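Me: Here is a structure I would like to talk through with you. Please reason briefly before you give each answer.

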Amino acid sequence: VQLVESGGGLVQPGGSLRLSCAASGFTLDYHAFGWFRQAPGKEREAVSCISTDGISTTYANSVKGRFTTSRDNAKNTVYLQMNSLKPEDTAVYYCAAGDGIFYSATNYREPVRYGYWGQGTQVTVSS
């Protein structure tokens with residue numbers, strides 16, 4: 001079982017990036033997926049969650065309206081489109097496969113609900 005994130009990098013404020021999370025060794029159809037991030041010296045923060053069917057999503061207030069999560073179950077891949085990036089978005093971003101089909105706006109923040117994690121991809125927003 002493996003989750004591999006890609007798409008991170010250095011971008012100027014106001015720019016965009018699209019992160020991908022490719023799953024191997026299992027099918028992601030039955031798992032809600034979360035994106036988390038961790039900046040240096042800070043705790044891991046939940047960014048978003050998407051239901052198994054891709055219809056329901058939840059976002060942290062800090063990224064709402066700027067980030068969009070989606071999934072392509074046929075490709076076994078989950079995405080995080082990040083627009084209007086700010087320096088405070090700088091962090092290592094992780095995808096995680098949940099044990100349920102979706103989580104509430106409160107529950108999705110709890111890392112214990114996710115059984116599989118990727119290794120992370122660095123996103124740096126700087127001019």
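Me: What is the relative accessibility of serine 104?

Reply: Serine 104 sits in the loop between S9 and S10, where strands (E, at least two residues) and helices (H or I, at least four) are DSSP runs numbered from the N terminus. Keep in mind that this is a predicted model, where local features need pLDDT of at least 70, side-chain atom pairs count only at pLDDT 80 or more, and totals for chains, interfaces and linings use all residues. Residues are numbered from 1 along each chain as its sequence is written, and side-chain values use heavy atoms, leaving out hydrogens and water. On a scale where buried is under 20% relative accessible area, exposed is over 50% and partly exposed is in between (1.4 Å probe, protein chains only), serine 104 counts as partly exposed, at 36%.

Me: Which residue offers its backbone nitrogen to the side chain of serine 104?

Reply: A polar contact is a pair of N or O atoms within 3.5 Å; within protein, one must be able to donate a hydrogen and the other to accept it, and residues adjacent in sequence count only if both atoms are side-chain atoms. A polar atom of the serine 104 side chain has such a partner at 3.0 Å, the backbone nitrogen of asparagine 107.

Me: Which residue, 55 residues away along the chain, has its C-alpha atom 9.1 Å from that of serine 104?

Reply: We are still in the loop between S9 and S10. Across those 55 residues of chain, the C-alpha atom 9.1 Å from that of serine 104 belongs to cysteine 49.

Me: How many salt bridges are there?

Reply: A salt bridge here is a side-chain nitrogen of Lys or Arg within 4 Å of a carboxyl oxygen of Asp or Glu. One of them joins glutamate 110 to arginine 113 at 2.6 Å, N to O, with glutamate 110 partly exposed at 28% and arginine 113 partly exposed at 27%. By this rule the count is four.

Me: Which residues are linked with arginine 37 in a network of salt bridges?

Reply: Arginine 37 is buried, at 5% relative accessibility. Its salt bridge with glutamate 45 has the closest N and O atoms 2.8 Å apart, and glutamate 45 is partly exposed at 31%. Arginine 37 also meets aspartate 89 in a salt bridge at 2.9 Å, N to O. The network thus links arginine 37 with Glu45, Arg66 and Asp89.

Me: How many residues apart in sequence are the parts tied together by arginine 37 and aspartate 89?

Reply: Both residues are buried. Arginine 37 lies in strand S4 (residues 33-38), while aspartate 89 is in the loop between strand S8 (77-82) and strand S9 (91-98), so the parts that the pair ties together are apart in sequence by 52 residues.

Me: How much space lies in the largest pocket?

Reply: On a 1 Å grid over the protein atoms alone, a pocket is an open set of points where a 1.4 Å probe fits, with protein on both sides within 12 Å along at least five of seven lines, and lining residues have an atom within 4 Å of a point. There are 13 lining residues, and Arg37, Lys42, Glu45, Glu88 and Asp89 lie nearest the centre. Grid points are joined across faces, edges and corners, and volume is the space filled by probe spheres set on the points. For the largest pocket, that comes to about 180 Å³.

Me: How many residues of that pocket's lining are charged?

Reply: Ala, Val, Leu, Ile, Met, Phe, Trp, Tyr, Cys and Pro count as nonpolar, Asp, Glu, Lys and Arg as charged, and the others, Gly among them, as polar. The lining divides into three nonpolar and two polar residues, while the charged ones number eight.

Me: Which side chain of opposite charge is nearest to arginine 71?

Reply: Arginine 71, in strand S7 (residues 67-72), is buried yet has no salt bridge. Its side chain reaches the backbone oxygen of leucine 28 at 2.6 Å, and one of its polar atoms lies 3.3 Å from the backbone oxygen of threonine 52. With Lys and Arg counted as positive, Asp and Glu as negative, and His and the chain ends not counted, the nearest opposite charge is 6.0 Å away, on aspartate 29.

Me: What is the phi of asparagine 76?

Reply: Asparagine 76 is in the loop between S7 and S8 and is buried at 16% relative accessibility. Although this residue is not a glycine, its phi is positive, at about 55°.
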